[in-house]
Amino acid sequence: MPHLSRTIADGSVAVYVWFEAMHTRVDILLKSSCHSESALLEVTEGMKRIIAGLEKVGNRFDPSSELAHLNRLPAGEEVEISASLYDMLSLCLYYNVRTKGLFDISVSSPGFEPGMLSSIRLGEGGRFCRSREDVVLDLSGFIKGYALDQLRIYLVECGLENALVNLGNSSIMAMGDVPGPVRNGCLTTSGNSDPSRRHIRNPLSGEYIGGARTAQVFTPGGAEGEVEATVKFITETI
């Protein structure tokens with residue numbers, strides 16, 4: 001994995017690594033006064049594994065992913081799913097209710113209509129089932145923020161206090177003493193980079209939103225940021 005490292009004047013070590021994941025570029029900057037360069041690089045390898053694991057679970061465009069398997073399940077069939085996917089789906093169902101339907105991971109379904117997400121059921125023991133086969137679940141607008149939250153937990157477990165993690169310039173997490181205006185939180189951007197891009201859909205109307213504009217939010221957590229940025233972008237067009 002390509003990287004740069006430097007010993008800072010105060011004696012601390014900074015390591016910067018970058019790689020491709022989740023269909024985007026990932027940039028990680030770690031700084032520590034009690035970790036060596038090799039120890040910090042080992043932490044970044046662990047971070048890369050966490051991201052890769054979540055992508056393998058929640059990338060609906062990968063036919064071998066766990067989410068893609070759920071999207072192929074017959075109606076009424078109940079299966080046990082992994083803890084990470086169960087957690088992500090539980091949060092998405094919660095945010096769907098909290099935002100009164102404006103955050104909806106079923107908007108990519110063929111023939112989408114408001115309320116389709118209510119066909120999803122999560123039960124005890126990590127059980128999943130759906131009552132409609134035409135429901136397609138898509139975590140693309142959520143998984144990067146969720147990944148940031150998992151990375152924060154991992155960094156704390158590794159004894160790291162200072163970090164900057166950038167997932168594609170749209171989902172950024174900062175911890176402690178790092179460059180830039182963000183401190184101990186997540187900056188999330190949602191929207192269209194050019195006028196021709198129309199990838200965000202209003203779940204209440206079913207219409208895709210055009211126009212080159214974005215919405216940004218600063219939140220304590222990444223998953224929360226993904227939801228709030230998307231909802232903000234949608235509501236600013238209503």
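Let's start with a word we'll lean on throughout: a residue is buried when its relative accessible area is under 20%, exposed when that area is over 50%, and partly exposed in between, using a 1.4 Å probe and protein chains only. By that yardstick Cys34, with a relative accessible area of 62%, is exposed. What you have above is a predicted model, where local features need pLDDT of at least 70, side-chain atom pairs count only at pLDDT 80 or more, and totals for chains, interfaces and linings use all residues. Residues are numbered from 1 along each chain as its sequence is written, and side-chain values use heavy atoms, with hydrogens and water left out.

Let's step back to the whole chain. The protein chain's secondary structure comes to five helices and 10 strands; these are DSSP runs, helices being H or I with at least four residues and strands E with at least two, numbered from the N terminus. For 238 residues, a compact globule would have a radius of gyration near 18 Å, and the 19 Å of the protein chain agrees with that. (That radius is taken over C-alpha atoms, and the globule rule is 2.2 Å times the number of residues to the power 0.38.) The C-alpha trace spans about 60 × 40 × 25 Å along its principal axes. Buried residues make up 48% of the 238. As for the outside, the accessible surface of the protein chain comes to about 11,300 Å², and 53% of it belongs to carbon and sulfur atoms; these areas come from the Shrake-Rupley method with a 1.4 Å probe, and for residues only the protein chains shown count as cover. Contacts here mean heavy atoms within 4.5 Å. Among contacts with a separation of 6 or more, 55% join residues 24 or more positions apart.

Now back to the cysteines. The structure holds zero disulfides, a disulfide being a pair of cysteine sulfur atoms within 2.5 Å. Why is Cys34 unpaired? Because the closest cysteine sulfur, in Cys158, is 11 Å from its own, too far for a bond. Cys92 is in no disulfide either, with the nearest cysteine sulfur, that of Cys186, 16 Å away. Unlike the exposed Cys34, Cys92 is buried, at 1% relative accessibility.

Cys92 also leads us inside, as one of the residues that Leu139 touches. Leaving aside residues up to four places away in sequence, the contacts of Leu139 are Gly58, Leu67, Leu85, Met88, Leu89, Cys92 and Ile105. The largest nonpolar core has 61 residues, and Leu139 and Phe142 touch the most other members. Such a core is a set of buried Ala, Val, Leu, Ile, Met, Phe, Trp, Tyr and Cys residues joined through side-chain atoms within 4.5 Å. In soluble globular proteins, nonpolar side chains tend to be buried together.

Follow helix H3 (residues 83–98) and you'll come to Asn96. Asn96 is buried too, with a relative accessible area of 16%. Its contacts, again not counting residues up to four places away in sequence, are Gly101, Phe103, Asp104 and Leu117.

Next comes helix H4 (residues 143–157), whose 15 residues reach 21 Å from first C-alpha to last, close to the 21 Å expected at 1.5 Å a residue. (The expected span is 1.5 Å times one less than the number of residues.) The buried residues of H4 include Lys144, Tyr146, Leu151 and Leu155. Just after H4, Gly159 takes a positive phi of about 80°.

Helix H5 (residues 222–235) has 14 residues and reaches 20 Å, close to the 20 Å expected. Of those 14 residues, 10 are buried, so H5 is largely enclosed by the rest of the structure. Glu226 and Thr230 are among them, as are Val227 and Phe233. What do the buried residues of H5 pack against? Their partners are H3, H4 and the strands E8 (171–175), E9 (185–191) and E10 (214–219).

Finally, have a look at the loop between strand E2 (13–21) and E3, where you'll find Met22 and His23. Most residues other than glycine have a negative phi. Met22, though not a glycine, has a positive phi of about 50°, and His23 has one of about 60°. Met22 is buried at 12% relative accessible area, whereas His23 is exposed at 67%. Further on, Leu29 lies in strand E3 (residues 24–32) and is partly exposed at 23% relative accessibility. Leu29 and Val17 are 12 residues apart in sequence and 6.7 Å apart in space, C-alpha to C-alpha.
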